[in-house]
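This report introduces a protein fold to a reader who has not met it before. It begins with one pair of residues and widens to the whole chain.

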Amino acid sequence: MSRVAWVTDPHLDHASPEALETFQGELLEARVTGVIVTGDIAESIGLQRYLDWFREHCRGDLWFCLGNHDFYYDSIDRVRATAAAWARETASYYLNIAEPMEMAPGVGLVGHDGWADGRTPSYERSLVFMHDSRLIADFAGQDKLTRWETMKRLADESANWIEQQIVRAAERWRTIYVATHVPPYREACWYNGEISDDHWAPHFTNVAFGERLIELADRFPQHRFHVLCGHTHGGGSYSPQANLTVETGAAEYGSPRVTRILEW
Ligand SMILES: [Fe+2]
Ligand SMILES: [Fe+2]
C-alpha cells in the first residue's frame, strides 16, 4: 500500500522553531512513503532552505508545486528555474516539469503551480489588491488591467500543461490525482466555511484550469480525477461532475501541518 502525506500552504517562513518541530514530528509519525506539497512553501528568499527542510524531514519521495507566496521578492521565471534545478539535484519532483508519476497501481499524479485568472465573477470589479501585485516582479509596476493579462497568461499555461499531462496519464492509470495551488472552481474556494465573495474569488480561482479539467473529465468518462489544492486556507470539497472532485486543504499561518494522508 502507498501512504502519502498531502501538505498545502505550510508557509514555513511563518513557523516558529517549535511549530517546525511539531510539524516535523507529525511527518515522521505519519510513516508515509512520500509527501505532496501544493504550494506556498515559503517566499523566494527562503525557498531553497525550506525545500531542503522538506527533503530532510520527509521520508521517501517529494512532489511539489509552488504557490504565489513562493514567488514573493523575485520573478516567476527565476523562482521556477531555481525550483527545477533544486528538484533535479535532490531527485525530487517539481510538478511543472515532472513526468506523470505512478503513486500506486492504477493511480497517477500530475500537477502544476496554476494561477488565479480573475475570470470569475469579475476581476475589474474586485476591490482586492493582492500582495502579489507589488511583491512579484512580473506584476510590480503594472496597471490593474495589464496585471490581469499576466494572470490569464499564467493560468492558460497551467491549463495547457495539465491537458498534455492528463492525456498522457490517462493511457496508464484510471485514477488521476492533480496537484495544484489555486482552486479551479469558485465553489472550491473555501474560507471560514464559506465560498469566497465576489471580491476575492477572482484572485482565488483558476477558471482556465477548471474548464480544461471538465473537458478532460468528459473526454475520459471511465477515469476518476481528484484535484488537491490550497491557496484560500479554508478546507472543503466540491464535485462539478461525477468523475471529478476537488479537495481544498485548510491551512493556518504559523501552524504547518499534514493536510491529509492519502492511501491507495
Ligand atoms: Fe497560502
Ligand atoms: Fe496562495
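## The first sheet

Thr 38 stands opposite Cys 65 in β3. The model is predicted: local features need pLDDT of at least 70, side-chain atom pairs count only at pLDDT 80 or more, and totals for chains, interfaces and linings use all residues. Residues are numbered from 1 along each chain as its sequence is written, while chains are lettered from A and ligands numbered from 1 in the order in which they are written.

Strands (E, at least two residues) and helices (H or I, at least four residues) are DSSP runs, numbered from the N terminus. Two strands pair if DSSP finds at least two bridges between them. Strand β2 (residues 34–38) pairs with strand β3 (residues 61–65) in the parallel sense over 5 bridges, and the bridge partner of Gly 34 in β3 is Asp 61. Between these strands the chain passes through helix α2 (residues 47–57), and this β-α-β crossover is right-handed; that is, with the strands pointing away from the viewer, the path from the first strand over the helix to the second runs clockwise.

A further right-handed β-α-β unit consists of β3, helix α3 (residues 76–90) and β4. Strand β4 (residues 93–94) runs parallel to β3, joined by 2 bridges, and Trp 63 has Tyr 93 as its bridge partner in β4. The open sheet to which these strands belong has 5 strands in the order β4-β3-β2-β1-β13, with mixed pairing. Its edge strands are β4 and β13 (260–263), each pairing on one side only.

## The second sheet

Another open sheet, also of mixed pairing, has 6 strands in the order β5-β6-β7-β10-β12-β11. Here β5 (101–104) and β11 are the edge strands, and each pairs on one side only. From one strand to the next the twist averages 25 degrees. Angles run from 0 to 180 degrees between N-to-C directions, with axes fitted to C-alpha atoms, for helices over the stretch in contact.

Two pairings of this sheet are set out below.

| Strands | Sense | Bridges | Opposed residues |
|---|---|---|---|
| β10 and β12 | parallel | 5 bridges | Leu 228 and Glu 247 |
| β11 and β12 | antiparallel | 4 bridges | Tyr 238 and Val 246 |

The strands β11 and β12 form a hairpin with 2 residues between them. Helix α5 lies across β6 (107–112) and β7, running at about 165 degrees to β6.

## Helix α7

Helix α7 (residues 207–219) has 13 residues and reaches 18 Å from its first C-alpha to its last, close to the 18 Å expected at 1.5 Å a residue; the expected span is 1.5 Å times one less than the number of residues. Its buried residues include Phe 209, Leu 213 and Leu 216. A residue is buried if 20 or more other C-beta atoms, placed from the backbone, lie within 10 Å of its own. The buried residues of α7 pack against α5 (144–170), β7 (175–180), β10 (224–229), β11 (236–241) and β12 (244–248).

## The whole chain

The protein has 7 helices and 13 strands. Of its 264 residues, 48% count as buried. Its C-alpha trace spans about 50 × 45 × 35 Å along its principal axes. The radius of gyration is 17 Å, which agrees with the value near 18 Å for a compact globule of 264 residues; the radius is taken over C-alpha atoms, and the globule rule is 2.2 Å times the number of residues to the power 0.38.

Terms used. A residue is buried if 20 or more other C-beta atoms lie within 10 Å of its own, exposed if 12 or fewer, and partly exposed in between; C-beta atoms are placed from the backbone. Two residues are in contact if their C-beta atoms, placed from the backbone, lie within 7 Å.
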